[in-house]
Amino acid sequence: MSERRRPVKRHKNTGTKTYSETVLGGYYDKYVGGLFGKFDNVRVYWEDQITKYTLRPYLKRYLAAVQDRRKVRILDLGCGSGQGYEQLSKIGKRDVSLALKDSFILPAERISLYFGVDISEEMLEKGRENYADKREVVFRKMDLRNGLDERVVGKRPYDIYFSSYAALSHLDYGQARKLVSDIAKHSAPHALLVLDFLGRYSIEWPRYWDAKSEDQKMREYSMSYLYTNGALSEEEPEKFTLRFWTGDEIAGLCEEVRKESGISVRPLEVFDRSVFVGRHVDTREYNKWVKPLRKRVNRLHEDYMRTNLQSLIIDRVPETSIEQLRRFYEKGIFSWNTVIKFTGMRLKGRIYPTEMKGWSKFSPALQQAILNMDRVVDSVLWMSIGDPRANIIEPQLSYSLRNMLNNMQCGMGCGHGLVAILQVRKRK
Ligand SMILES: C[S@@+](CC[C@H](N)C(=O)[O-])C[C@H]1O[C@@H](n2cnc3c(N)ncnc32)[C@H](O)[C@@H]1O
């Protein structure tokens, strides 16, 4: 907030060049995994999992209420190469099961149609290639800036209107409101909506935090993080304009849709995803002092690769005059650092969680994360095969940090992603 306001740059393009190049570079193929790229470890072990975990109870309830257990129809908005199909059809019934066979709440057999729409031909072509063996998966070109078009409106309603990985940040406020309003009018009576945006208050871009006008909420973005390993063109990454959202604005949008259409679209849950580990903490493109934590957390998940825990400590709390935001960052950074420090001390010798200074004042989320790490370290002490520190303790540290932040976030817009799960309420 202390930075002087800069003139807002508007880019007329929609990122088409970036998306074509990322498809050609193989980033939209199926799972790759690892330290870099679209499917890096944070994407796979944090982002995908948190979305699935949060959606699970609502989807479960919806599916239980659908008459005769009929098959469901999904519309994926800004579907890219169809990863939404993967996400939705692979939500496990439980959190952990030691049984070999996993079971999903919305398996492929229960999907009658997955209709993916996107503006990019290359993305759609990649999707058709990825899902060539799935008859229920269909892709079509559609520009969502105009709302839902005639290939959707006038046809049967969908049960789930899904979006993922900030696809809807390509729309401005008015376009997003029209899209949600079109969905409310078209949808099944209790349909679920998943709206996926960029969060305005992420630590990646403090200079975007004090946006007031609609113009200032549409800001520059690039996908430079996918250009780091030379797989993409040598040219400067394309810059385009996206809208950065807050949780309050999503609630306001729902209210406007209700007034305009007479249909209630109720937020069931709004959550911040990827707090501290958004893609641009590594590039530092929009914040020069932010710690490159994503690659370090990615490293925690790598087999036989040990991480210097000190490198994960966050040493600066961002300044802001927004009180709720300041409190969130102070508490979040303190909690993050405390779990890491405890783990470091625990690895060196015996320290009990309750011996931590201030233990009784720690939040339940922080206490839970520390207790988890205490048990993890305890339970692997006897192991001598397969580097338990790199292969068990460090991934568990990442999961403990992930769950703690997920329990602390309040859907303000403090993560790279801001996701809203909404439900339509109207008579049949
Ligand atoms: C970050 S990607 C996410 C893709 C996919 N949902 C995923 O999770 O991998 C954003 C997508 O939105 C699409 N998009 C951008 N503007 C659009 C528009 N006006 N209408 C439809 N799709 C659009 C892009 O082509 C791109 O595939």
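Which polar backbone atom is 2.8 Å from a nitrogen atom of the ligand? Select the ligand in this predicted model and display its surroundings: the atom in question belongs to the backbone of Gly78.

**The ligand site**

Keep the ligand selected and add the side chains of Asp118 and Asp143. A polar side-chain atom of Asp118 lies 2.6 Å from an oxygen atom of the ligand. Asp143 places a polar side-chain atom 2.9 Å from a nitrogen atom of the ligand. Taken alone, the ligand has 590 Å² of accessible area, and the protein covers 96% of it.

Next, extend the selection to the full shell, which consists of 19 residues. The closest are Gly78, Asp118, Asp143, Leu144 and Ser164. Colouring the shell by class shows nine nonpolar, six polar and four charged residues.

**Helix H5**

Move to residues 173–186, which form helix H5. The helix has 14 residues, and the distance from its first C-alpha to its last is 20 Å, close to the 20 Å expected at 1.5 Å a residue. At its start, select Asp172, where a side-chain oxygen comes within 3.2 Å of the backbone nitrogen of Gly174.

Now colour H5 by burial. The buried residues are Tyr173, Ala176, Leu179, Val180, Ser181, Asp182, Ile183, Ala184 and His186. As a guide when viewing the helix end-on, an α-helix has 3.6 residues a turn, so residues three or four places apart point the same way.

**From Asp182 to Leu148**

Within H5, centre the view on Asp182. This residue counts as buried because its relative accessibility is 12%, under the 20% cut-off. What does the side chain of Asp182 reach at 3.0 Å? The partner is the backbone nitrogen of Leu148.

Leu148 is placed in the loop between strand E3 (137–141) and strand E4 (160–162). With a relative accessibility of 7%, Leu148 is also counted as buried. From here, draw a distance to Trp245: the two residues are 97 apart along the chain, and their C-alpha atoms are separated by 21 Å.

**Strand E7 and its neighbours**

Select residues 239–245, strand E7, in which six of the seven residues are buried. Add strand E5 (residues 192–199), which pairs with E7 in the parallel sense over two bridges. Here Leu198 stands opposite Phe244 of E7.

Then add strand E6 (residues 218–222). The pairing of E6 with E7 is antiparallel and runs over five bridges. In this pairing, select Glu220, whose bridge partner in E7 is Thr241. When following the side chains, note that in a regular strand they alternate between the two faces of the sheet.

**A contact inside helix H2**

Go to helix H2 (residues 41–65) and select Thr54. Its relative accessible area is 7%, and Thr54 is therefore buried. The side chain of Thr54 reaches the backbone oxygen of Ile50 at 2.6 Å.

**Two residues with positive phi**

Most residues other than glycine have a negative phi. The final stops are exceptions to select one after the other.

Tyr165 has a phi near 50 degrees, a positive value in a residue other than glycine. The residue is found in the loop between E4 and H5. Its relative accessible area is 24%, so Tyr165 is partly exposed.

For Phe276, phi is near 70 degrees, again positive in a residue other than glycine. Phe276 is in the loop between strand E8 (264–273) and helix H8 (280–283). Is Phe276 buried or exposed? At 2% relative accessibility, Phe276 counts as buried.

Terms used. Residues numbered from 1 in each chain as written. Predicted model: local features only at pLDDT ≥ 70, side-chain atom pairs only at ≥ 80, totals over all residues. Heavy atoms only, no water. Near = heavy atom within 4 Å. Polar contact = N/O pair within 3.5 Å; in protein donor to acceptor, adjacent residues only side chain to side chain. Areas by Shrake-Rupley, 256 points an atom, 1.4 Å probe, with all protein chains shown as cover. Nonpolar A, V, L, I, M, F, W, Y, C, P; charged D, E, K, R; others polar. Helix = DSSP H or I, 4+ residues; strand = E, 2+ residues; numbered from the N terminus. Expected span 1.5 Å × (residues − 1). Buried < 20%, exposed > 50% of the residue type's maximum accessible area, 1.4 Å probe, protein only. Pairing = 2+ DSSP bridges.
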